[in-house]
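Student: Could you take one part of this model and walk me through it closely? I'd like to hear about the way the helices pack, and then whatever sits on them.

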Amino acid sequence: MHPHLHTKDNRGCEDVMRALDECHDEGFLHKLFGNCNKFKTEVNKCLRAQRLERTARNREEAKKKREKTLAIWKDIDENS
């Protein structure tokens, strides 16, 4: 399973998602026999790469916020 595909966070994977949608539009039997599996795998790879980038970016932002908070606490402790 994957999250909703067409969101603002998934802009980098639009081409791959469009290919998967087009494959799914070819009909149920086309999907049933695994003809869309390669597109689904590519979508999963793309979404994973974006998730890893987002996670790394969030981790760095959280680290900066934590350092700022610790500096404020240290200042409060020193001046109390």
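Tutor: Sure, let's start with the packing of helix H1, residues 14-25, against H3: their axes are 9 Å apart and the angle is about 155°. Keep in mind that this is a predicted model. In general, a packed pair of helices is described by just those two things, the angle between the axes and the distance between them. Angles over 145 degrees count as roughly antiparallel, so H1 and H3 are roughly antiparallel to each other. As for handedness, H1 and H3 make a left-handed crossing.

Now for the charged side chains on these two helices. Side chains of opposite charge can pair when their charged atoms come close. With a cut-off of 4 Å between side-chain nitrogen and carboxyl oxygen, the count comes to two salt bridges.

One of them belongs to H1: Asp15 and Arg18 meet there through their side chains, at 3.2 Å from N to O. These two are three residues apart in helix H1, so about one helical turn separates them. What about their exposure? Asp15 has 59% relative accessibility and therefore counts as exposed, while Arg18, at 41%, counts as partly exposed.

H3 has a pair as well. There the side chains of Glu42 and Lys45 form a salt bridge with an N to O distance of 3.9 Å, which falls within the 4 Å cut-off. Glu42 and Lys45 are also three residues apart, about one turn of helix H3. Glu42 is partly exposed because its relative accessibility is 39%, and Lys45, at 52% relative accessible area, is exposed.

Staying on H3, have a look at Leu70, which is found in that helix. Its relative accessible area is 40%, so Leu70 is partly exposed. If you want a ruler for that stretch, Leu70 and Arg57 lie 13 residues apart in sequence, and their C-alpha atoms are 20 Å apart in space.

Last, go to the loop between helix H2 (28-32) and helix H3 (37-78), where you'll find Phe33. Phe33 has a relative accessible area of 63%, so this side chain's residue counts as exposed. Phe33 also has company: together with Phe28, Leu29 and Leu32 it forms a nonpolar patch on the surface, and the four share about 500 Å² of accessible area.

So, to recap the part you asked about: H1 and H3 are roughly antiparallel, and their crossing is left-handed. Asp15 and Arg18 pair up in a salt bridge, and so do Glu42 and Lys45.

Conventions
Residues are numbered from 1 along each chain as its sequence is written. This is a predicted model: local features need pLDDT of at least 70, side-chain atom pairs count only at pLDDT 80 or more; totals for chains, interfaces and linings use all residues. Side-chain values use heavy atoms; hydrogens and water are left out. Patches are made of residues with over 30% relative accessible area and no salt bridge: like charges are joined within 9 Å, nonpolar side chains (Val, Leu, Ile, Met, Phe, Trp, Tyr) within 5 Å. Accessible areas come from the Shrake-Rupley method with a 1.4 Å probe; for residues, only the protein chains shown count as cover. Helices (H or I, at least four residues) and strands (E, at least two) are DSSP runs, numbered from the N terminus. Buried means under 20% relative accessible area, exposed over 50%, partly exposed in between (1.4 Å probe, protein chains only). Axes are lines fitted to C-alpha atoms, for helices over the stretch in contact, and angles run from 0 to 180 degrees between N-to-C directions. Angles under 35 degrees count as roughly parallel, over 145 as roughly antiparallel, 65 to 115 as roughly perpendicular and the rest as oblique. A crossing is left-handed if the near helix is turned anticlockwise from the far one by less than a right angle, and right-handed if clockwise.
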